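Thank you all for coming this morning. Please have a look at the sequence and the structure before I go through the sheet and the cores with you.

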Amino acid sequence: MTTISVAVPRKGRPLEAVLERLATTAAFTEIADDVISTLRYEKAITKDDATPDAPVYDRLAAYSDLDDPTRPEYTLLRDDREGMPRRVVFDSLTVPIDGIDLRLVGREEPFRSLRKHEFALGFDSADLVLEEVVQLRDDPLTEIAAINERIDPVDTDVRVVTGMGDTVYHTLLGTPAVRESLPYDLSREFLSAYEGELCISPRYERLVEAVIGTDALRDIEFVYPENGQEEEAAIAEAGLGVYLTVTGSTARDHGLELGEQLFPSETVLLENRSEVGDGVDRVKELFTAPDESVLALQ
């Protein structure tokens, strides 16, 4: 039986999106739910929102079954935050589907694993693609279909195939005072006319440059939240900012108005075209459901 290894995140929303998609395409619902609930429980322990019922190594031994590759395996990841314990995260799982052994392999940075030619397929956040390889241009990047056009083929063989539908938007936020300073709604048009500070997370600087476009940023100065400062609070101080919003309720608590959704953050299926082999197209079919993703390629 052909084995196809696919790089996936070790934890978080992107991994859950992959597991949930598999649960709808194979007899995989119980295992997917088990992995998701286990990792959510471990996250709650890390955040002190739950009390562990056993030491971490005992929990790790209880979760993993090394004798059965179709059962999930876990490993320990050291948490970067001071005083935080090691965290149980996903390691690997093999799923037999239609004559193929689909092997999910946990990686800290799946996109970079594909760039290093360790895998033909993988899943990661679209944000990371924008942060690392998308070319910056005067005009804004507004949709996933344009991402591949902005990847220099000399830089990488990795391309986006489609998205998983777990969409959260990078959204323009502003105070009423700033919004009323120009005769536009909070939008890219507003940004083109705006002069002043724009508060963003430092890790999203290149992404914001890509989705707004360098032309509109000529008279804008990036500012950042101070250490430990809540991002919505920092945006309220600056008057205008870009933030990854789910519902917008927290932004409104800080007196911010929601403006244009600049770009969708979504888990994407990635392919290293130079590593494609037998069985890869079948695996891509399992995850390609365009109607569920705002990022579906045309």
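Strands E1 and E4 run parallel and are joined by eight bridges, where strands and helices are DSSP runs numbered from the N terminus, a helix being H or I with at least four residues and a strand being E with at least two. One of the pairs here is Val-8, whose bridge partner in E4 is Gly-106. I should say early that this is a predicted model, in which local features need pLDDT of at least 70 and side-chain atom pairs count only at pLDDT 80 or more, while totals for chains, interfaces and linings use all residues. Residues are numbered from 1 along each chain as its sequence is written, and side-chain values use heavy atoms, with hydrogens and water left out.

E1 also runs parallel to E5, with two bridges between them, and in E5 the partner of Val-6 is Leu-121. Two strands count as paired if DSSP finds at least two bridges between them. On its other side, E4 (residues 100–107) pairs with E3 (residues 86–97) in the antiparallel sense over six bridges, and Leu-93 has Leu-104 as its bridge partner in E4.

Putting these strands into the whole sheet, we have seven strands in the order E2-E3-E4-E1-E5-E12-E6, forming an open sheet with mixed pairing. Because E2 (73–78) and E6 (158–163) stand at the edges with a single partner strand each, one side of each is left without a neighbour in the sheet.

Helix H2 (residues 29–46) packs on this sheet and touches E2 and E3, its direction making about 175 degrees with that of E3. Contact here means heavy atoms within 4.5 Å, and the angles, from 0 to 180 degrees, are taken between N-to-C directions of lines fitted to C-alpha atoms, for helices over the stretch in contact.

Let me turn to the cores, by which I mean sets of buried Ala, Val, Leu, Ile, Met, Phe, Trp, Tyr and Cys residues joined through side-chain atoms within 4.5 Å. The largest nonpolar core has 41 residues, and Ile-147, Leu-198, Val-208, Ile-212 and Leu-240 touch the most other members. Helix H8 (residues 205–212) gives the most to this core, with five residues.

How much of H8 is buried, that is, under 20% relative accessible area with a 1.4 Å probe and protein chains only, where over 50% is exposed and anything in between partly exposed? Six of its eight residues are buried, so H8 is largely enclosed by the rest of the structure. Just after H8, Gly-213 takes a positive phi of about 95 degrees.
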